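This report covers one helix, its surroundings and the charged side chains. Please look at the model before reading on.

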Amino acid sequence: MEELAKKLKNEAVNQLTRNEQNLNAPYLMRGDKMYTRKQLATEIENETEVGIEILTGMLILALDITTRQKIYS
């Protein structure tokens with residue numbers, strides 16, 4: 001399970017940082033704080049509360065989209 005978590009974390013970081021042109025542009029607003037892709041990647045890498053919440057949300061969204069596609073196809 002630890003290996004899976006590491007792979008998911010690394011893939012999320014890779015996806016957030018693959019386009020260097022947009023790394024420091026505003027990307028996501030949470031509460032009153034604006035995050036860039038680079039900041040979100042750092043939060044996920046460091047497994048902060050924000051990083052864990054972001055990664056969890058990404059997984060839930062991906063599962064929801066996958067489930068909806070299967071229901072409507």
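In which helix does Leu55 lie? Leu55 lies in helix α3. The model is a predicted one.

**Helix α3 and Leu55**

Helix α3 runs over residues 49-72, which makes 24 residues. At 1.5 Å a residue, these should span 34 Å. The end C-alpha atoms of α3 are 35 Å apart, so the model agrees with the expected span.

Which residues of α3 are buried? They are Val50, Gly51, Ile54 and Leu55. The cover over these buried residues includes α1 (2-17), β1 (26-30), β2 (33-36) and α2 (37-45). Helices and strands thus both appear in that cover.

Leu55 has a relative accessibility of 16%. The cut-off for buried is under 20%, so Leu55 counts as buried. Its contacts, leaving aside neighbours within four places in sequence, are Leu8, Lys9, Ala12 and Ile44. Lys9 is 46 residues from Leu55 along the chain. Even so, the C-alpha atoms of Leu55 and Lys9 are separated by 7.4 Å.

**Salt bridges**

Side chains of opposite charge can pair when their charged atoms come close. How many salt bridges does the model hold? The count comes to 4 salt bridges. The table gives some of them, with the N to O distance.

| Pair | N to O distance | Relative accessible area |
|---|---|---|
| Lys7 and Glu3 | 3.5 Å | Lys7 52%, Glu3 55% |
| Lys9 and Glu47 | 2.9 Å | Lys9 17%, Glu47 48% |
| Arg68 and Asp64 | 2.9 Å | Arg68 49%, Asp64 32% |

Take Lys7 and Glu3, which form a salt bridge. They are 4 residues apart in helix α1, so about one helical turn separates them. Lys7 counts as exposed at 52% relative accessibility. Glu3 is exposed as well, with a relative accessible area of 55%.

The side chains of Lys9 and Glu47 also meet in a salt bridge. Lys9 lies in helix α1, and Glu47 lies in the loop between α2 and α3. The pair therefore ties together parts that are 38 residues apart in sequence. Is Lys9 buried or exposed? Lys9 is buried, at a relative accessible area of 17%. Its partner Glu47 is partly exposed, at 48%. Lys9 is also among the contacts of Leu55.

Arg68 forms a salt bridge with Asp64. Both residues sit in helix α3. They are 4 residues apart there, so the separation is about one helical turn. Arg68 is partly exposed, with a relative accessible area of 49%. Asp64 is partly exposed too, at 32%.

**Strand β2 and the aromatic side chains**

Where is Thr36 placed? Thr36 is in strand β2. Thr36 is buried, with a relative accessible area of 11%. Neighbours within four places in sequence left aside, Thr36 is in contact with Leu23, Asn24, Ala25, Pro26 and Tyr27.

Which residue lies over the face of Tyr35? Lys33 does, at 5.1 Å from the ring centre. The count of aromatic pairs comes to 0.

**In brief**

Helix α3 agrees with its expected span. Its buried residues are covered by parts that include α1 and α2. Lys9 links to this picture in two ways: by a salt bridge with Glu47 and by contact with Leu55.

Key
Residues numbered from 1 in each chain as written. Predicted model: local features only at pLDDT ≥ 70, side-chain atom pairs only at ≥ 80, totals over all residues. Heavy atoms only, no water. Helix = DSSP H or I, 4+ residues; strand = E, 2+ residues; numbered from the N terminus. Expected span 1.5 Å × (residues − 1). Buried < 20%, exposed > 50% of the residue type's maximum accessible area, 1.4 Å probe, protein only. Contact = heavy atoms within 4.5 Å. Phe/Tyr/Trp six-rings, centres within 6.5 Å; stacked < 30°, edge-to-face > 60°. Lys NZ or Arg CZ within 6 Å of the ring centre and 35° of its normal.
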